[in-house]
Protein chains: 2
Amino acid sequence: MNTILIVGAGLSSTSLIEYLLKHAEENQWQVRLADMSLELAESKIKGHTYGVAFSFDVSDKEERALEVSKANLVISMLPPTMHTMLARECVKQSKHFLSPSYVSSEMQILDKKAKSKGVLLMNELGVDPGIDHMSAMKIIDEIKAKGGELLSFKSYCGGLLSPSSSTNIWQYKFTWNPRNVVTAGQGVATYKDNGQYKYLPYQQLFAHPLETSMPEYGNFEVYPNRDSLSYRSLYDIENIPSILRGTMRRSGFCQAWNAFVLLGCTDESYLMRDSENLTYREYIESFLPYDERSVEERFADCIAVSIDDPIMEKFKWLDLFSDKKTGIKEGTPALILQKILEEKWTLKPDDKDLLVMQHQFVYKQDGQQKKIISSMSYEGIDQEHTAMAYTVGLPMAIVAKLILQSKIDLTGVQIPVAPQVYEPVLKELETLGVYFTEQEEDFE
Amino acid sequence: MNTILIVGAGLSSTSLIEYLLKHAEENQWQVRLADMSLELAESKIKGHTYGVAFSFDVSDKEERALEVSKANLVISMLPPTMHTMLARECVKQSKHFLSPSYVSSEMQILDKKAKSKGVLLMNELGVDPGIDHMSAMKIIDEIKAKGGELLSFKSYCGGLLSPSSSTNIWQYKFTWNPRNVVTAGQGVATYKDNGQYKYLPYQQLFAHPLETSMPEYGNFEVYPNRDSLSYRSLYDIENIPSILRGTMRRSGFCQAWNAFVLLGCTDESYLMRDSENLTYREYIESFLPYDERSVEERFADCIAVSIDDPIMEKFKWLDLFSDKKTGIKEGTPALILQKILEEKWTLKPDDKDLLVMQHQFVYKQDGQQKKIISSMSYEGIDQEHTAMAYTVGLPMAIVAKLILQSKIDLTGVQIPVAPQVYEPVLKELETLGVYFTEQEEDFE
């Protein structure tokens, strides 16, 4: 019997736990679910024969060593900064370790020791990062195998709302950490376009979205992610002339969001004076320059639209010009904006989320340029079984199974870019409803 | 005989040294001028009977202690971060100390000890900060003395070019540290307007300049400085409803400069790849989003003007769209922009600079609102005797004289806001050609 230790029983763990429990008997697994909250862990295990829920403090060194010692495989669903604590213990005790998060520099340091002990520390095993790596690598390897030369790679992902829930004027709600949504894109976005390096500052990031469309779901827009260039070495496509990774939003979102960026509403570097007693209207007034016109007029002027532009409805719908109080003590502009948005952008019980992903490849073969567009979309079922939790949890669960079945022989710090990982995972994901559709066409 | 030690013989020290040497005999001063470069120091002392030039390393503890011990008063013209080293030694040896720079937190720490030893550490004794404090406090104290209630205080200053040198299309050249000009305004500008706190982010800072005019010099525009609010406590006007400090530029400058801000050209947080081999055109292309139009068209689009807008001439004049190479290894966007600007904005031997300063006060007295506008301008004579060096050096020199004549009895860390300082300094400055003209009018 193999023992799987899962640390963290939050929302993103739901589908992971359900999959592992479902396949526990046939594979003879014991699933040990650890969380600070025993109640939360128990609510996920639901008294399953092959499951154990228990209260656990990962920062307790002895507890950590003891629980790792009982496991054959450890899955960390902790916040990103806490993975390494657990991974270090896994290396020490020669136990494999999985996480859905980006490889941190602290994690990377463990590579050598993990390799020398034959331990696998596999990260970036969720959806983005995760499924994006696997589905992109599959096509990149196919293009290379048939002698094609890759000219352009664009990869987009978005956590959005299903059309049935996407009814507000922004076509958006928080399906993910609101703070991360509010501060997304700060710094400079770097990518490469036709051999030219590009550096898009935050104040331009939402001003010129790319456009794309998805089967069944229509048009979307895309703003570039902060770092597209590091994917060249991860995917072994160092010399590609064009590479861009981006985030998908419903059409019209970026122009409106750009208003908050331009006004400085997403800044979290300073506290606003007496922020608790500001009304929403005074909050906006704080960022507008001096003159006698109304808040609405100056707001419109700052974002370079006329006061009767339809975009203004988006801001009115948020009550941005109302006399509601923020009620936030010691608030940064970003924190107050988050509060204003949460009033309207919080999921209702019957809201369903939507995960969309698209890769676009341009390559040259036999003198002909071709384009492949590979698209995936998945709608959540309810607020427990979200598309996000499903697409984050399943790759983790499937890789856990493959490791315990000795079908993966990698060691050290890894991400899922090897065929021995992506082939079986993508194949099984397809049977579980998470699949890509490909179009291929000649490219001018 | 009193000995004055001046540390630092750079450009800003010229007028200071000349004043002190000129008045050395009548006051029986010895002026000891210390600099890393003996040659530079000698070129400023010019063999004067009452002057001594010598080579000096302020970071050498023994040298520092020895030179301070010989002096009755120490004037630091070092870079801002190096003042404290010298000020600490002055406190230890009970010698008065002057600097033209803002009071740093390290300097502020010395306040208690300096007071207990009866030592004066007077800072912010140049033009801005310096003459601005003195000239503003004079009027603030006058308004208070006659029972007026101060409603609004706006204070502007600019280092520009005399009309005879202000002939390029930008009406601007570097008369001050180019790096500081390129990165000016980053962060958030805070001020207060009719009781409302304002937070203007960098991407809005140059988009909505205020306008003003100066006697003889015509129209200027003003962008807000980073921190206007701290002046409330410095000037003892805590409850003033409107306060704004700003930087003056010639009309049209801010809109054009804003293009560099919006595109991210002033960013110094990252290195551009292969920056040495970028042409100016490629440099600009790096910041422009994807599409098929020309660099000029997309540039114009990004700054929301049409391609034939007259503002585009300013950028063409800088050769911004040319194939000149940057030649800057490991360049940040800001460093490369600075290089491009230095090609065109470097002072020619016969260029003269211009210092402009203006305070605007609105106050209420006997139910009537009144406005005072107080303006000062000073043109440089040549590149050694710049307006900047003159207006920075003279307040320092005059305060040095007042201290040695025992006419100032302040101790501790100070800035020149007390009548015993500003009255005699402003009076003597007037005889030296640095004076304010006041207009007073009823205000709507």
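Guide: A disulfide is a pair of cysteine sulfur atoms within 2.5 Å. Keep that cut-off in mind as we look at this structure, which is a predicted model.

Visitor: What is a disulfide in chemical terms?

Guide: It's a covalent bond between the sulfur atoms of two cysteines.

Visitor: How many disulfides does a search of the whole structure find?

Guide: Zero, over all chains. Take Cys157(A): the nearest cysteine sulfur belongs to Cys254(A) and is 14 Å away, so with a cut-off of 2.5 Å Cys157(A) is in no disulfide.

Visitor: Is Cys157(A) buried or exposed?

Guide: Buried means under 20% relative accessible area. Cys157(A) has 9%, so it counts as buried. Over in chain B, Cys90(B) is buried too, with a relative accessible area of 0%.

Visitor: Okay, helices next. How do people describe two packed helices?

Guide: By the angle between their axes and the distance between the axes. Let's try that on a pair in chain A. Helix H4 (residues 61-70) and helix H5 (residues 83-92) of chain A cross at roughly 55°, and their axes come within 10 Å. That makes H4(A) oblique to H5(A). The crossing of H4(A) past H5(A) is right-handed.

Visitor: Which residues make the contact between H4(A) and H5(A)?

Guide: From H4(A), look for Arg64(A), Ala65(A) and Val68(A); from H5(A), look for Met85(A), Leu86(A), Glu89(A) and Cys90(A). Sorted by class, the contact of H4(A) with H5(A) has five nonpolar, no polar and two charged residues.

Visitor: I see little jumps in the numbering of those residues. Why do residues three or four places apart point the same way?

Guide: An α-helix has 3.6 residues a turn, so residues with that spacing face the same way.

Visitor: Can we go through a pair in chain B?

Guide: Sure. Helix H17 (residues 387-404) of chain B packs against helix H18 (residues 419-431) of chain B at an angle of about 125°, and the axes are 10 Å apart. This angle makes H17(B) oblique to H18(B). H17(B) passes H18(B) in a right-handed crossing. On the H17(B) side, the contact is made by Leu394(B), Pro395(B), Ile398(B), Val399(B), Lys401(B) and Leu402(B). On the H18(B) side, you'll find Val421(B), Pro424(B), Val425(B), Glu428(B) and Leu429(B).

Visitor: How many nonpolar residues does the contact of H17(B) with H18(B) have?

Guide: Nine, along with two charged residues and no polar ones.

Visitor: How do I read how covered a whole helix is?

Guide: Go through its residues and see which are buried. Helix H12 (residues 253-263) of chain B is mostly covered, with 10 of its 11 residues buried. Among them are Phe253(B), Trp257(B), Asn258(B) and Phe260(B). Right after H12(B) comes Gly264(B), whose phi is positive, near 90°.

Visitor: Which residues have a positive phi although they are not glycines?

Guide: Asp274(A) is one of them, with a phi of about 50°. You'll find Asp274(A) in the loop between helix H12 (253-263) and helix H13 (280-285) of chain A. It is exposed, with a relative accessible area of 53%. Ser406(A) is one as well, with a positive phi of about 55°. Look for Ser406(A) in the loop between helix H17 (387-404) and strand E15 (412-414) of chain A. Ser406(A) is exposed, at a relative accessible area of 64%.

Visitor: And where is there a cis peptide bond?

Guide: In chain A, go from Asp128(A) to Pro129(A): that peptide bond is cis, with omega near 15°. Pro129(A) sits in the loop between strand E6 (120-122) and helix H8 (131-145) of chain A. In chain B, a cis peptide bond joins Asp128(B) and Pro129(B), with omega about 15°. Pro129(B) is in the loop between strand E6 (120-122) and helix H8 (131-145) of chain B.

Visitor: Last one: what does a buried charged residue touch?

Guide: Try Asp132(B), in helix H8 of chain B. It counts as buried, at 1% relative accessibility. Leaving out residues up to four places away in sequence, Asp132(B) touches Val127(B), Tyr235(B), Arg245(B), Met357(B) and His359(B). Then try Glu285(A) in helix H13 of chain A, which is buried with a relative accessible area of 15%. With the same neighbours in sequence left out, Glu285(A) touches Val295(A), Arg298(A), Gln196(B) and Lys198(B).

Definitions and conventions
Residues numbered from 1 in each chain as written. Chains lettered and ligands numbered in written order. Predicted model: local features only at pLDDT ≥ 70, side-chain atom pairs only at ≥ 80, totals over all residues. Heavy atoms only, no water. Axes fitted to C-alpha atoms, helices over the stretch in contact; angles between N-to-C directions. Helix = DSSP H or I, 4+ residues; strand = E, 2+ residues; numbered from the N terminus. Parallel < 35°, antiparallel > 145°, perpendicular 65-115°, else oblique. Left-handed = near helix turned anticlockwise from the far one by under 90°. Contact = heavy atoms within 4.5 Å. Nonpolar A, V, L, I, M, F, W, Y, C, P; charged D, E, K, R; others polar. Buried < 20%, exposed > 50% of the residue type's maximum accessible area, 1.4 Å probe, protein only.
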